[in-house]
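Reader: I'm new to looking at protein models. Could you walk me through how to read one?

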Amino acid sequence: MLWLIVAALAVRQMAVLRQPSGERLADPETWTGENGVLHVTGSLYDSDRFTGTPFAGLVLEPLTRMAEQSLGVAWTSGTLLLVAALGIVAARALPVPVSGSLSGPVPGLLPGSVSRRAALPAAPVAISLLMLSLPVRTALHLGQTSILPVLLVLLGCFALRGERASGTLIGLAAALQPTMLLFVVLLRLTGRRRAALTGGAAFAGCTASAWAVMPGDSWTYWIHHAAGTGLGGNADGLANQSLHGALLRAGPTGPLEIVLFVVPAAAVCLLGLRRAARYAADGQLLLAVAVTGCVAVAVSPTAWQYQLLWVLLAAVGRVGKRASDRPVWPVVVVLVITLPGTMLLPNMAVLFPVRDNVLLIAALAAACAVPFLPRTSEYWQHPIPRDHAAPVPARWSRIPLLPFWRRVLSRPNLLLELLLIRVVYSAYAHVRLAATAGRTTAEQHGRQIHAIEQWLHIDIEHWANHAVVNVGGLRGFFDHYYTTFHFIVPLTILGVLYVRRPADYRWARSTIGFATLFALVGFWLYPLAPPRLMPGLGFIDTVHGVQDFAKPDYGSLTAMTNQYAAMPSLHFGWSLWCGVVVVVLAPKMWMKALGLLHPLFTVSAIVATANHWVLDAVGGAAVVVLGFGLAHVLAGPRALRPGAVPAAAKPQDDLERPVPVPVPRSTGDATSDATGDVVGSKQH
């Protein structure tokens with residue numbers, strides 16, 4: 001199944017070939033001179049499309065003699081093969097637990113010791129993540145060679161055992177991307193002097209050959225542009241995710257900017273390479289290579305997006321002693337490397353510096369800050385486990401509980417929760433915006449809903465709308481309530497539950513998530529015009545004023561929302577969820593009563609402002625019921641039965657609370673202590 005996913009992603013990436021020739025940047029004129037032939041009509045750098053070294057142009061020259069369309073197919077297919085090879089090599093290089101004695105570091109950069117069978121499931125996962133990453137997607141679109149240097153470095157570090165062969169491959173990678181020379185330094189720091197000397201010699205030889213064949217282009221690249229600085233787009237553009245690019249975006253220029261760049265870049269090199277050498281000595285060889293690559297990204301004058309694969313490889317590092325904290329770093333890395341910054345952070349001016357440099361921040365964190373655990377740590381293989389509730393029997397024999405869905409009682413990691421909430425909401429907004437079938441279909445569905453309500457004698461929208469319009473204070477109250485409390489109340493409830501009742505927070509979060517997923521299905525299958533966008537029915541939009549039905553207005557969110565996503569009403573659905581959660585969990589009656597007022601005010605507001613039909617509220621209630629029901633089916637009842645809470649999760653005095661101390665697992669037979677308890681067994 002994993003390899004089928006890889007195949008589907010590969011087919012999807014081949015879609016770049018369907019673009020018109022003028023838009024497909026993997027054509028010869030993208031990375032060569034004019035007319036598709038290198039060095040015939042001028043310099044490699046006459047345009048800003050080619051940013052590689054002269055040696056890269058020299059290597060690619062034979063490809064330019066192929067036909068243009070054949071080149072596009074061959075280039076894209078070859079890039080996908082390189083990605084597959086990169087994923088397989090990375091999977092084979094994954095670190096393994098320490099076996100036997102914990103003393104004695106692993107010297108130097110040695111090949112990974114993961115077996116082929118252990119790497120089998122890891123390889124398709126790695127390839128899938130690589131294909132989904134922004135660097136690979138950008139490289140396929142732009143026709144760049146950024147994947148090849150990464151693959152050469154990994155092959156030199158893990159696939160080849162000879163010192164000269166390893167050094168030669170790393171030298172070739174440096175000839176394609178000069179910042180790869182940092183790996184020569186890493187070889188020297190890890191005691192592989194011969195490989196380091198070979199790598200430096202290979203780089204010098206390749207560069208000299210390019211100088212001999214292309215002296216003009218070599219002068220332009222190495223001297224005029226200072227090793228490629230300034231080639232491609234503007235150095236202060238968002239695509240340049242290096243310290244140099246971040247400083248230029250912040251404002252400094254000239255000598256001041258150079259000083260501000262050189263000093264922290266030197267510090268990053270010193271700290272990052274020392275960390276990489278330490279992880280290599282610990283046996284985490286792939287992590288050491290990834291950290292060095294992140295250093296290269298940060299200190300490079302120009303680190304374009306297609307050169308940032310090293311950030312993804314840094315996800316192999318393990319961070320945190322607790323199992324609940326362990327997914328935070330890899331999830332952050334995968335989200336940062338696969339999604340644009342606009343999906344990760346809200347559109348707030350105070351967050352723009354973070355959003356615009358999110359890939360650089362991730363690279364700097366991996367290189368200098370993230371406290372990766374050493375393999376000798378007792379928590380590296382066995383983190384402190386989560387507290388789980390005792391399993392409950394399935395409600396129906398034909399619908400068993402999912403084996404991996406267990407009620408977790410401990411509080412989830414806050415950073416991970418905030419990031420996932422933001423990403424899920426952004427995905428929800430994109431799906432909601434795409435779920436439209438046009439104005440005609442939406443208005444037809446609106447007439448259907450209106451006719452059903454007339455038949456049921458519940459068509460009160462017109463009466464309520466005009467009654468509110470004639471009362472200024474009531475109109476202002478409902479308009480404010482509709483536009484303000486939709487997000488504030490659910491987020492407040494989730495925040496209180498996270499702090500005060502973490503086990504119930506997970507239950508509440510799952511139920512509102514399921515309800516929202518069901519609502520997305522409704523938006524997609526049944527686009528519906530709200531009353532305010534129905535021509536000829538006499539509704540008044542109290543929030544946004546008179547509407548042009550051809551171009552309806554929704555204030556500042558007009559371009560970011562689908563105004564025909566009305567069935568079901570999540571305004572009422574989320575408010576009903578808030579009311580149910582407050583009624584179930586609030587300790588006092590006045591709190592429960594206050595919680596019930598929110599869905600009452602919300603349903604009044606959505607009808608009075610002509611933003612929803614009454615049946616939309618019924619649909620919102622239905623998805624909430626389905627959300628609570630699905631959570632009950634999968635995870636069991638919210639209220640835990642006596643004995644369902646582990647002893648470690650029950651409140652105790654500080655002196656009596658047990659401190660979990662992980663015990664290294666033994667692969668041999670289980671042994672027993674003096675009390676007869678089994679210690680070190682595989683089951684334990």
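**Reading the model step by step**

Author: Let's start with one residue: Tyr221 is buried, since its relative accessible area is 4%. Keep in mind that this is a predicted model.

Reader: Which residue does Tyr221 form an aromatic pair with?

Author: A whole-structure search turns up 14 aromatic pairs. In one of them, Tyr221 and Trp222 meet edge-to-face, with 5.0 Å from centre to centre and 80° between the planes. Phe539 and Trp613 also make an edge-to-face pair, at 5.8 Å centre to centre and 85° between the planes.

Reader: How many residues apart in sequence are the parts that Phe539 and Trp613 tie together?

Author: Phe539 sits in the loop between α24 (502-525) and α25 (570-585), and Trp613 in the loop between α26 (589-608) and α27 (614-635), so the pair ties together parts 74 residues apart in sequence. Phe539 counts as buried at 13% relative accessibility, and Trp613 is buried too, at 0%. Rings can also link up into a group: Phe477, Phe478, Tyr481, Phe485 and Phe601 form a cluster through ring pairs.

Reader: And the whole chain? How many helices and strands does the protein chain have?

Author: The protein chain has 27 helices and two strands. It runs to 684 residues, of which 48% count as buried. Now take the contacts between residues at least 6 apart in sequence: 75% of them join residues at least 24 apart.

Reader: How do I describe two helices that pack together?

Author: Two numbers do the job: the angle between the axes of the packed helices and the distance between those axes. Here, α7 (residues 147-159) and α8 (residues 163-176) pack at about 165°, with their axes 8 Å apart. Angles over 145 degrees count as roughly antiparallel, so α7 is roughly antiparallel to α8. The crossing of α7 past α8 is left-handed.

Reader: Which residues of α7 and α8 meet?

Author: From α7 come Leu148, Pro149, Leu152, Val153, Leu155, Gly156 and Cys157, and they meet Ser166, Leu169, Ile170, Leu172, Ala173 and Leu176 of α8. Sorted by class, this contact has 11 nonpolar residues, two polar ones and no charged ones.

Reader: Which residues of helix α9 are buried?

Author: In α9 (residues 182-189), the buried ones are Leu182, Phe183, Val184, Leu186 and Leu187. Their cover includes α7, α8, α10 (193-213), α13 (254-281), α14 (285-299) and α15 (309-313). After α9 comes Gly191, with a positive phi near 85°.

Reader: Which residues other than glycine have a positive phi?

Author: Two examples are worth a look. His457 has a positive phi of about 60°, and Ala610 has one near 65°. His457 is in the loop between α21 (439-456) and α22 (461-469), while Ala610 is in the loop between α26 and α27.

Reader: Are His457 and Ala610 buried or exposed?

Author: His457 is exposed, with a relative accessible area of 69%, whereas Ala610 counts as buried at 0%.

Reader: What about the peptide bond from Met567 to Pro568: cis or trans?

Author: That bond is cis, with omega near 0°. Pro568 lies in the loop between α24 and α25.

Reader: One last stop: where does Arg375 lie?

Author: Arg375 is in the loop between α19 (358-369) and α20 (414-434), and it counts as buried at 13% relative accessibility. Arg375 and Gln284 are 91 residues apart along the chain, yet 7.4 Å separates their C-alpha atoms.

Definitions and conventions
Residues numbered from 1 in each chain as written. Predicted model: local features only at pLDDT ≥ 70, side-chain atom pairs only at ≥ 80, totals over all residues. Heavy atoms only, no water. Axes fitted to C-alpha atoms, helices over the stretch in contact; angles between N-to-C directions. Helix = DSSP H or I, 4+ residues; strand = E, 2+ residues; numbered from the N terminus. Parallel < 35°, antiparallel > 145°, perpendicular 65-115°, else oblique. Left-handed = near helix turned anticlockwise from the far one by under 90°. Contact = heavy atoms within 4.5 Å. Nonpolar A, V, L, I, M, F, W, Y, C, P; charged D, E, K, R; others polar. Phe/Tyr/Trp six-rings, centres within 6.5 Å; stacked < 30°, edge-to-face > 60°. Buried < 20%, exposed > 50% of the residue type's maximum accessible area, 1.4 Å probe, protein only.
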